[in-house]
Amino acid sequence: MIKIAPSILSADFSKLGEEIGSIERAGADWVHIDVMDGHYVPNLTLGPVVVESIRKVTQLPFDVHLMMDNPMDFVDDFIDAGADIISLHAEVLPHLHRAVMHVKDRGCKVAVALNPSTPIEILKHILEELDMVLIMTVNPGFGGQSFINSMLDKVKHLRRIIDDRGLDIDIQVDGGIAPKNIKEVSAAGANIFVAGSSIFNEDDRKLALETLRSRASL
Ligand code: DX5
Ligand code: ZN
């Protein structure tokens, strides 16, 4: 099942509620929320207070991508604020299994995110527990970067492992997803597509979203 998750990192934060309304009307499936701490990634964005306040303006599921050094210090706050799915970066969690189980115990869906240089083998003993794997297709930190082509093989390899093991796990891709590459990424086996600049930089968000969805579905 194909899902499009616009990333509000590229939205106009002076009118965030309206921006979320525009992507909801345009047919978005999820709202992708990029949390950056200025340590793990060289950028700083938003915290649970903002998530709690935008929770009032939409019914769409909140897909919260934690790009921070100590995500377990804040994960409960994000769940309390209304997160529906939490993505945890494997690179910052020595006790990844414990962290994943904690999010599940809180009744929240859970994903593990992998930077471009992080091998998928890190997931070998934990895959069964996950709702989704997030394959970063840029180095995290900023919107508007170019898709890293070698991530296509990574997505293909992961899709093969998931299918061979008979699991039902979504593969999300995040970074540089655009009309020109979404078909190839979908064919590689991804089914949830984060898109920031290729939606929010367009005046007609509905057209932008429909273009992405139809190309991903081919
Ligand atoms: C990058 C973020 C992405 C970003 C994607 O660190 O995780 O979610 O907003 O933006 P685009 O689609 O413009 O690459
Ligand atoms: Zn993201």
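The following paragraphs describe the sheet, the packing around it, the nonpolar cores and the zinc site of a predicted model. In this predicted model, local features need pLDDT of at least 70 and side-chain atom pairs count only at pLDDT 80 or more, while totals for chains, interfaces and linings use all residues. Residues are numbered from 1 along each chain as its sequence is written, chains are lettered from A and ligands numbered from 1 in the order in which they are written, and side-chain values use heavy atoms, with hydrogens and water left out.

The fold contains an open sheet of 8 strands in the order S1-S8-S7-S6-S5-S4-S3-S2, with parallel pairing; strands (E, at least two residues) and helices (H or I, at least four residues) are DSSP runs numbered from the N terminus, and two strands pair if DSSP finds at least two bridges between them. Strand S1 (3-6) and strand S2 (31-36) form the edges, each pairing on one side only. On average, neighbouring strands of this sheet are turned by 25° against each other, direction ignored, where axes are lines fitted to C-alpha atoms, for helices over the stretch in contact, and angles run from 0 to 180 degrees between N-to-C directions.

At the S1 end of the order, S1 and S8 pair in the parallel sense over 4 bridges, and Pro6 has Ala195 as its bridge partner in S8. Strand S8 (residues 192-195) is in turn joined by 3 bridges to strand S7 (residues 170-174), again running parallel; Gln172 stands opposite Ile192 in S8, and the bridge partner of Val173 is Phe193. Within S8, Ile192 and Val194 point one way whereas Phe193 and Ala195 point the other way, and all are buried, buried meaning under 20% relative accessible area, exposed over 50% and partly exposed in between (1.4 Å probe, protein chains only). In a regular strand the side chains alternate between the two faces of the sheet.

Strand S6 pairs with S7 in the parallel sense over 5 bridges, with Met132 bridged to Asp170 in S7, and it pairs with S5 in the parallel sense over 4 bridges, with Leu114 bridged to Ile135 in S6. Because 5 of the 5 residues of S6 are buried, this strand is largely enclosed by the rest of the structure. Both of its faces are covered, with Met132, Leu134 and Met136 buried on one side and Val133 and Ile135 buried on the other.

Two helices illustrate the packing against this sheet. Helix H5 packs on the sheet and touches strand S5 (109-114), strand S6 (132-136) and S7, its direction making about 165° with that of S6; contact here means heavy atoms within 4.5 Å. Helix H8 (residues 205-217) lies across S1 and S8 and runs at about 145° to S1.

The largest nonpolar core has 69 residues, and those with the most contacts inside it are Ile8, Ile33, Ile86 and Ile135; such a core is a set of buried Ala, Val, Leu, Ile, Met, Phe, Trp, Tyr and Cys residues joined through side-chain atoms within 4.5 Å. Its largest share, 5 residues, comes from helix H5 (residues 151-164). A second, separate core of 7 residues includes Ala5, Trp30, Met132 and Ile192. When residues up to four places away in sequence are not counted, Ile135 touches Leu114, Ile120, Met151, Lys154, Val155, Leu158, Ile171, Gln172, Val173 and Asp174.

Asp174 is also one of the protein donors of the zinc ion (ligand 2), which are His32 (NE2), Asp34 (OD), His65 (ND1) and Asp174 (OD), lying 2.0 to 2.3 Å from the ion; donors are N, O and S atoms within 2.8 Å of the metal (3.2 Å for Na, K and Ca), and sites may look incomplete because water is not among the atoms. With angles of 69 to 169° among its 6 donor atoms, the site is octahedral. Six donors count as octahedral if opposite donors are over 155 degrees apart and all others between 65 and 115. Along the chain, the donors of the zinc ion (ligand 2) follow the spacing H-x1-D-x30-H-x108-D. The pair His32 in strand S2 and Asp174 in strand S7 links distant parts of the chain, 142 residues apart. His32 counts as buried because its relative accessibility is 0%, and Asp174 is likewise buried, with a relative accessible area of 8%.

Two loop residues stand outside this description of buried positions. Gly107, in the loop between helix H4 (96-105) and S5, counts as exposed because its relative accessibility is 68%. Asp12, in the loop between S1 and helix H1 (16-25), counts as partly exposed at 34% relative accessibility.

Terms used. Four donors count as tetrahedral if all angles lie between 85 and 135 degrees; four count as square planar and six as octahedral if opposite donors are over 155 degrees apart and all others between 65 and 115; anything else is irregular.
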